[in-house]
Structure formats: structure tokens, C-alpha cells
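Please examine the structure shown here alongside the explanation that follows. The paragraphs lead from charged side chains to strands and then to the surface.

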Amino acid sequence: MSASSLFNGCEIRRLVGAAGVVAAALAIAPAVNAQDDVVLEEIIVVSQKREQTLQSLPVAVSVVTADTMSEAMVLDVKDLQTLVPSLRVSQLQTSGNTNFLIRGFGNGANNAGIEPSVGVFIDGVYRSRSASALADFPNLERIEVIKGPQSTLFGKNASAGVINVITAKPSLDSVSGSVSATAGEYSQFILRGDVNGPLTDTFAVSLSGSHNERDGYYDNLQTGNALNELNRQTVRGQALWAPSDTVELRFIADWDKLDEACCGVANLQNGPTGGAILLSGGQLVPDAPFAYEGFYDFDPTNEIENDGVSLQLDWDINDSLTLTSITALRNQQRFDNADVDFTSARLISDVTGNLTDTDIETFTQEIRLSGGTDSLDWVVGGFLFDEDVEQRSGIIYGDAFRTYADILATQAAGGTPIVDPSPLGDLETALMLPAGTFFAEGQGNTERATLTNDAFSLFGQVDFDLGERTTVTLGINYTKDEKDTSVNITGTDVFSDLDFVEVGFAQAFTTATMLPPTPENIALFAQANPDGFAQLQALSMTDCTPTSPAGTCNPLLGLQVLQFLPQFVNYPNAVETGSSEDDETTWSARIAYDLTADLNVYVSAGTGFKATSWNLSRDSRPFGSDIAALEQAGLTVNNLVSGTRNAGPEESTLYEIGLKGQFSNFLFNMAVFDQSIEGFQSNLFLGTGFALANAGEQSTTGLEFDFTWLPIDDLQINFSSMFLDPEYDDFQNGNGVGGPADLSGQQPAGISETSITTSARWGFDVFGGRAFLRGEYIFESDTQVNDNVPKAVASREVSMFNASAGIEWDNGFNARIWGRNLNDDEWLQSSFPAVAQAGSFSGYPNTPRTWGVTLGYIFD
């Protein structure tokens with residue numbers, strides 16, 4: 001979609017409705033100046049690597065302060081989406097598989113080789129995987145959600161936007177701190193505390209920590225345990241040294257741990273394989289998206305441990321020149337295991353199951369120099385990134401998988417399960433294999449993958465003040481990214497290694513000639529009877545239908561759907577290097593003009609970049625262009641099909657027009673934008689594996705509008721909205737309902753056309769303290785959840801209420817009561833074709849209503 005479509009891409013109906021909202025809000029503006037005694041607090045942000053007021057910044061940014069998050073009981077980045085309509089966060093099959101989207105763009109979950117399109121930075125340090133950004137945030141200052149591509153200043157993985165988390169520095173002024181305890185529904189208990197203050201006139205420290213535990217709200221009826229629990233701890237220490245007025249050093253060390261059983265999966269549609277699950281000794285709760293219960297033969301395991309250190313130097317070389325250096329080293333250890341069939345049938349081993357054990361070590365270094373004059377502000381710098389990923393994974397069959405496969409094979413052959421013999425036993429006999437060879441307990445995959453990523457960026461941005469009202473901003477970034485990967489898999493699934501075309505030919509040959517299918521016999525037959533040989537070849541590749549006459553097709557081809565773990569071509573090899581090297585120059589340009597002292601308008605354009613992502617899983621397949629060379633090198637395996645090893649770079653483009661206004665007690669922000677990503681990296685689960693592919697182009701035209709209004713001193717009203725018209729402009733190799741499909745021209749799933757968050761806060765004095773009442777309403781319009789799951793099976797519409805109330809006394813004691821999703825609204829976070837259960841669909845239900853009470857004490 002081009003910039004020319006900026007004003008005609010959205011549907012007229014939604015634009016008219018959005019315009020009505022904007023007009024009503026702006027109608028308030030002329031009258032608000034009468035409230036001279038009511039003044040909004042100014043918000044300072046660092047979204048452009050230097051301090052600026054939010055309203056003067058010509059960029060679409062949403063800011064959530066620590067006070068707002070505390071009152072709304074938002075503890076981490078995952079819950080932030082209830083306050084920012086343009087942000088959506090989905091938690092998938094494990095606690096660490098969490099995906100961030102801004103304006104409908106984002107990816108990065110489910111695979112250690114895929115970095116997010118939304119960059120997360122905490123105190124200036126890049127967190128390369130979402131699992132490293134899930135900890136609670138004690139001593140938070142604010143979170144900035146920067147919308148649209150931000151690669152100019154934030155580098156290679158900010159093609160959709162940035163979540164910028166800022167925590168409070170240690171104080172050189174006085175000792176202060178806080179402690180709080182929360183008790184809530186599902187036996188939730190949260191303990192948080194922090195203390196900070198000076199040790200000398202130039203040296204201060206702070207220490208904060210939290211413990212958050214909660215029972216699960218999803219019942220595993222097989223084990224009797226509850227899933228979707230919380231069990232998280234975090235500790236964060238800081239030291240601040242300011243030896244002079246011009247030098248400041250800030251050291252941060254943090255550690256967090258997560259040990260949970262997550263995540264509960266609902267059966268959305270029980271397909272034809274449901275009976276096979278029951279006959280295999282399993283149970284499920286069918287066709288019940290929000291039953292919040294199911295049968296798993298073992299509970300999932302999610303263990304994540306993060307630790308890191310960073311050192312930031314800020315040196316004011318002179319009045320107009322500042323040097324900043326941020327050095328960081330981070331480690332992540334993660335272990336997941338899950339019953340991926342999500343039934344109590346023992347299809348997967350309860351010991352080794354479907355495990356993933358990942359270690360990630362990341363080093364980053366940023367250096368920047370900034371300065372300015374009366375008419376010029378500038379920043380230049382460089383960023384270095386070095387990361388090593390090692391992943392050990394595997395999937396092993398359980399003792400019921402053979403029974404399950406027997407039933408499916410019998411059904412595929414047109415027989416009656418249990419009554420008729422399984423074709424698998426006959427096939428074992430025909431191939432002279434011991435009975436029970438196929439799908440034997442313990443067969444499966446043992447996998448190891450590695451990734452080494454080295455990247456650097458050089459960037460610069462300058463703001464030109466052209467008189468008192470006009471500012472022109474130009475920015476540029478050059479990024480180079482190199483990745484070296486490897487995947488080595490040892491497979492022991494005998495059945496998946498069979499070539500049923502070859503086996504079918506051999507059986508047809510023996511039937512026709514009464515000879516064993518040796519190479520010599522086949523060669524002699526081909527020479528003596530070329531027409532008969534051609535007929536046997538055609539027969540071996542012809543699938544059978546219910547009406548196919550005997551001897552005209554290959555009945556074994558119907559068993560190919562049971563080859564869940566095909567043999568793997570390990571790489572790097574003589575043909576595939578397992579390496580990628582990308583480089584890209586991105587840019588940004590803005591013109592901002594102050595219409596009045598209270599109103600400013602801006603026009604901006606820019607580009608973003610995300611480097612190649614690699615599929616470090618068993619679902620990786622050679623590109624079609626490499627198959628011939630692999631065959632020539634003798635590296636092919638049975639049943640080899642082409643696919644992708646990686647998805648190439650994403651390149652995003654944004655055109656935006658914005659209007660901002662701030663009066664004494666009213667401020668608003670409006671942005672109309674056209675944003676597109678060429679080569680969008682899509683990673684979609686298809687039922688037995690993930691398909692990683694580049695979409696040709698995905699675009700969104702939209703309107704964002706928010707305002708804050710203080711009609712009286714003690715009442716604050718906030719309104720935020722987003723209206724989108726998303727589209728796959730070109731996605732010919734997509735996957736839709738029923739399989740591969742050209743999705744070009746269709747609306748991408750999972751993106752609501754309308755998202756609204758509104759809240760009101762009233763402060764008042766009571767019982768000798770200062771109290772507040774706060775209410776929130778969150779709405780997201782109806783949308784299909786995933787491209788390859790029918791909307792009739794999985795759609796999502798959100799209409800949720802949150803509320804809180806609290807009181808704080810001058811002596812530092814405070815109390816709060818809060819509730820989230822008070823109306824117990826139900827929606828799906830994501831959905832997918834059920835694992836190895838064709839025709840069935842599964843999904844992840846949202847968190848039901850929760851509530852709690854918090855008691856705290858603040859001292860200073």
C-alpha cells in the first residue's frame with residue numbers, strides 16, 4: 001500500500017466514527033483554558049535518545065507512568081496492553097512464548113532463531129527475546145511505547161516499534177523506600193519492596209525485589225493440578241556514582257526467575273480424531289473454549305532464569321557535548337516441556353515429552369555523542385551486538401502413540417478401529433520388521449541447534465530549528481547483521497522414514513511379476529516390458545479414493561499423513577552454509593510546525609529493518625532451489641520436501657501525519673499513518689510444525705487518537721483509540737484455512753479494526769487520607785484469531801472492565817483494592833490446528849476475573 005492511499009484506505013464507516021470521536025474531544029479544547037487552576041503534569045520522555053517533553057515530540061508515543069501502572073495493578077509488560085490500545089501481547093503455549101505487536105505488526109515467539117519485530121529496551125539495554133522482559137518491575141519510573149519503525153536510533157529489530165522501560169535511579173538526596181503485600185483470588189500473594197538512598201554525597205545505591213505467586217485457573221483433570229499459575233521472583237540492585245557535576249556512572253545488576261506450569265489449552269472444535277484419542281485411552285473436554293479445564297497426562301514445565309549487568313556512563317564534556325556509553329552482558333537459561341497433544345492419551349513421553357532447553361548469552365555496547373546549539377540538536381553513535389544461542393530439544397513418542405496410529409491407519413484404510421486389523425501390522429509383516437516396530441515408545445527426535453549473531457549499527461540524527469516554529473529532523477542508520485546457524489537432528493521414527501511410493505511400487509511389482517523387488521529384477525522387467533514398468537510407476541504415485549478399483553492405486557499413500565517426524569537434512573552441509581549476511585541503511589525524516597503555543601503538527605516518513613530470522617527447529621526444510629544440489633551431493637533423505645530454512649529481512653516503511661495539543665487541563669495526540677512491511681516474517685503453526693515464510697507485503701492504514709482531560713482538579717479522564725485497516729498486499733505463499741493459500745488482498749488475522757481504552761480517576765480526601773477511585777474499559781472489535789483457523793471456530797472480541805480504589809495517609813501507609821476483567825469477559829489469545837489431530841482446533845483462553853487487596857508502606 002502506498003502513501004497515496006493514506007486517506008482512502010480505511011473504510012468510510014470507521015473513519016466517520018473515528019472522526020466523530022476526535023471532533024467531540026477537540027470540541028472540549030476551546031473551553032478548557034477557563035480552568036486555569038487545573039494544570040496537567042508535563043511528561044518527559046527519552047524516545048529519541050535525549051530528554052524531550054511528550055507533547056513536543058513529533059513521534060507517536062504512548063507513556064504509562066509508574067503511578068498509573070500501580071493503581072491499575074499492571075505488574076509487567078504483558079499487562080501493559082490494557083493501557084495502550086496500539087500494543088497487543090499474546091502468551092502462547094509457555095510462559096516465555098510471549099509475542100508483542102504494535103499497530104498489528106510483530107512476531108518473534110516460539111523459536112529462538114526468530115527475534116522480535118518489536119524491540120524491548122530496559123534502561124537502555126536491548127532484550128533480544130521476549131522471555132527476558134517478563135519480570136515484575138519494582139521501582140519503575142515509566143514505560144514508553146514508541147509506534148512505527150524505530151530502526152534509525154534503535155537498530156535492527158525495531159521494524160514495528162519499541163517498548164522502552166525506564167526504572168528509577170538511586171537517589172543522592174535522601175533515603176526512601178517502600179514495601180507492599182498483596183493477597184488475591186486464586187491464592188495470589190505478591191510481596192514487593194525497594195530501598196534506595198545515598199551512602200555518601202556522590203554515591204547512592206538501591207535494591208528492589210518482588211515475589212509473585214498465584215494458583216492456576218485452568219484445571220488439569222488428569223493430574224488434579226492447576227495450570228496457568230504464577231511463580232516469579234526478581235531482584236534488582238543499582239549503584240550510582242556522580243564524582244562530579246559532569247560525570248555519572250550507573251551500574252545495574254538484575255536476576256529473575258520463573259518456574260510455572262503453563263499454559264492451558266482449550267479444545268475449540270473436536271474433529272474426527274477425537275474418537276481416536278478416546279480409544280487410545282485419553283480424554284479431552286470437547287468443544288469448550290472457556291471451560292478452563294482439560295486432560296493432560298503430565299503437567300507442563302516452564303523454567304526461565306535471567307541475569308545481567310550493565311554499566312552506563314554519562315559525561316558532559318562541556319555545556320553542549322555529552323558522551324553516553326551503555327555496556328551490558330545478559331544470560332538466559334530456559335527449559336520447557338509440555339504435553340503437546342493436550343489430551344490425557346499418552347502420545348508423548350511424560351519424561352522427555354516435547355522439551356526445549358535453551359541458553360542465550362548476549363553482549364551489547366552502545367556509544368553515542370550528543371550535542372546542540374541554539375538552532376541545532378544532534379546525536380551520533382554506534383551499537384554492537386554479539387549473541388550466542390544453544391538449543392537442545394526433542395520429541396519422544398509415548399506408550400499410547402502406536403495405538404493412536406493404528407486407529408488412524410485403520411480409519412484411513414476404510415476399516416473399523418479395534419474390529420479390523422491395523423494396516424501398520426500388515427506393513428511390518430510385509431517389510432519383515434518385528435511387530436510393534438512402528439511408533440514404538442521411545443522413538444522420536446533428539447535435536448541440537450546453535451546460532452551465533454554478530455551485528456553493528458552506526459546512526460545519527462539531527463534536529464534543525466528553522467525559526468521559532470519549525471523543526472526539521474533527519475536521521476540515518478547503517479546496520480550489518482551476520483548469523484551462523486546449525487541444526488542437527490537424530491531421528492529414530494522408523495515409520496516416518498519410509499518412502500511409500502517406493503514401498504508401494506515394490507509391492508505392486510511383486511504382485512504383478514511374482515518376483516522379489518530386487519534392483520536386478522526391476523531392471524530386467526523395465527527393459528523387457530517398458531509399458532508395464534511405466535504403469536507400475538504411475539500406480540505407485542496414485543492415491544486411492546473410496547471408488548478406486550483394486551490394483552489401480554497405491555493404498556499406502558494414505559498413510560503419509562502419519563509421518564509426523566520425517567528425517568532431517570542436517571546443516572550446515574556441502575550445499576547449505578547455514579549463514580546469512582544482511583546490511584541495510586534506514587532513514588527517518590520529520591517536519592514539525594508549531595501552529596500556536598498550544599498546538600503543533602508534524603509530517604514524518606521513515607524506514608525500519610529486521611534481519612534474517614532462522615528456523616531452529618525440526619520444521620526447517622531446504623529451500624526448493626537447493627534440492628537438486630543436495631541430491632547431487634547425496635545428502636537427501638526419504639520424503640524430503642522443500643520449505644524454508646530462514647525468512648529474509650523485513651523492511652518497513654511509515655508515512656505519518658500528526659497533531660498534538662496541550663492546554664492547561666487538556667492534551668491530545670492524533671496520528672494518521674500508512675505503515676507497511678515488505679518481507680514480513682510469518683511463523684504459523686500448521687498442526688505438526690511451524691511454517692516460517694516471508695509475506696510479500698503487509699500494510700496497515702490507520703488513525704490513532706488519545707486525550708487526557710482534567711475537567712476539575714480531582715477528576716482525570718483518559719481516552720485512547722486506534723482504528724486500523726490492515727491488509728496482506730502480497731502473500732502468495734501463505735497458509736489459510738485448509739492449507740497453503742494465496743492470502744493476498746485478505747485482512748490479516750489477529751488484528752482488530754477498532755481498539756479503545758478509556759479510564760477515569762477521581763481523587764478525594766476521606767478518613768484523614770488521600771483516596772482515589774479508578775475505572776477502565778477496554779474494547780477490541782471482533783476479528784479472526786489466526787489465518788489458518790476458521791473465524792467460526794476462533795474469533796476474538798474484547799469488552800473488559802477493570803477497577804481499583806485506594807487510600808494513602810501522610811504517615812506512609814496505604815491500602816488498595818483492585819479487580820481485573822471484572823465482567824469476566826472471555827476471548828481467545830491465539831488458536832491453532834490441534835497437534836497431530838487433523839480436523840481439530842485448539843486455543844488459549846484469556847485470564848478470567850481476578851481481584852485482590854494490597855497493603856503498603858512508603859517511607860522517605
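A network of salt bridges links Asp-357, Asp-359, Glu-390, Arg-392 and Arg-448. The model in which this network appears is a predicted one. Within the network, one pair may be examined in detail: Asp-357 and Arg-392 form a salt bridge whose closest N and O atoms are 3.6 Å apart. This pair joins distant parts of the chain, for Asp-357 belongs to strand S21 (residues 354–372) and Arg-392 to strand S22, with their positions 35 residues apart. How accessible are these two partners? Asp-357 has a relative accessibility of 23%, so it counts as partly exposed. Arg-392 is likewise described as partly exposed, with a relative accessible area of 24%.

Strand S22 covers residues 376–396 and also contains Asp-388. With a relative accessible area of 36%, Asp-388 is partly exposed. Asp-388 contributes to a negative surface patch, which is formed together with Glu-361, Asp-386, Asp-454 and Asp-484.

Another residue of strand S22 takes part in a salt bridge. The side chains of Glu-387 and Arg-129 meet at 3.1 Å, N to O. Here, too, distant parts of the chain are linked: Glu-387 lies in strand S22, whereas Arg-129 lies in the loop between strand S7 (125–127) and strand S8 (140–147), and the two are 258 residues apart. Is Glu-387 buried or exposed? Glu-387 has 0% relative accessibility, and therefore it counts as buried. Its partner Arg-129 is buried as well, with a relative accessible area of 8%.

The structure as a whole holds 36 salt bridges. One of them joins the side chains of Arg-774 and Glu-776, with a distance of 2.9 Å from N to O. Arg-774 is buried, its relative accessible area being 8%. Glu-776 is also buried, at 4% relative accessibility.

The discussion now turns to the strands. In general, the strands of a sheet pair through backbone hydrogen bonds, either parallel or antiparallel. Strand S35 (residues 754–766) and strand S36 (residues 769–784) run antiparallel and are joined by 12 bridges. One of the matched positions is Ala-760, whose bridge partner in S36 is Gly-775. S35 and S36 form a hairpin with 2 residues between them, and Phe-767 in the turn has a positive phi of about 50 degrees. S36 also pairs with strand S37 (residues 795–808), in the antiparallel sense and over 13 bridges. In this pairing, Arg-770 has Glu-808 in S37 as its bridge partner.

Strand S8 provides another example of pairing with two strands. Strand S3 (residues 61–65) and S8 run antiparallel and are joined by 5 bridges, while S8 and S9 pair in the antiparallel sense over 7 bridges. Val-145 can be followed in both pairings: Ser-62 stands opposite Val-145 in S8, and Ile-163 in S9 is the bridge partner of Val-145. How many of the residues of S8 are buried? Of its 8 residues, 7 are buried, and S8 is thus mostly covered.

An open sheet of 3 strands shows a mixed arrangement, with the order S14-S13-S18. Strand S14 (226–227) and strand S18 (293–294) stand at the edges; each has a single partner strand, so one side of each is left without a neighbour in the sheet. Strand S13 (residues 218–220) pairs with S18 in the parallel sense over 2 bridges. Within this pairing, Glu-293 in S18 is the bridge partner of Asp-219.

Finally, attention may be given to the surface and to a loop. Val-175, Val-195, Leu-207 and Val-235 make a nonpolar surface patch of about 310 Å². Val-175 is placed in the loop between strand S9 (161–167) and strand S10 (176–184). This valine, Val-175, is partly exposed, with a relative accessible area of 47%. Thr-273 occupies the loop between strand S17 (266–269) and helix H4 (274–279). At 6% relative accessibility, Thr-273 counts as buried. The C-alpha atoms of Thr-273 and Ser-486 are separated by 35 Å, and these residues are 213 residues apart along the chain.

Key
Residues are numbered from 1 along each chain as its sequence is written. This is a predicted model: local features need pLDDT of at least 70, side-chain atom pairs count only at pLDDT 80 or more; totals for chains, interfaces and linings use all residues. Side-chain values use heavy atoms; hydrogens and water are left out. Patches are made of residues with over 30% relative accessible area and no salt bridge: like charges are joined within 9 Å, nonpolar side chains (Val, Leu, Ile, Met, Phe, Trp, Tyr) within 5 Å. Accessible areas come from the Shrake-Rupley method with a 1.4 Å probe; for residues, only the protein chains shown count as cover. A salt bridge is a side-chain nitrogen of Lys or Arg within 4 Å of a carboxyl oxygen of Asp or Glu. Lys and Arg count as positive and Asp and Glu as negative; His and the chain ends are not counted. The place of a charge is taken as NZ of Lys, CZ of Arg, CG of Asp or CD of Glu. Helices (H or I, at least four residues) and strands (E, at least two) are DSSP runs, numbered from the N terminus. Buried means under 20% relative accessible area, exposed over 50%, partly exposed in between (1.4 Å probe, protein chains only). Two strands pair if DSSP finds at least two bridges between them.
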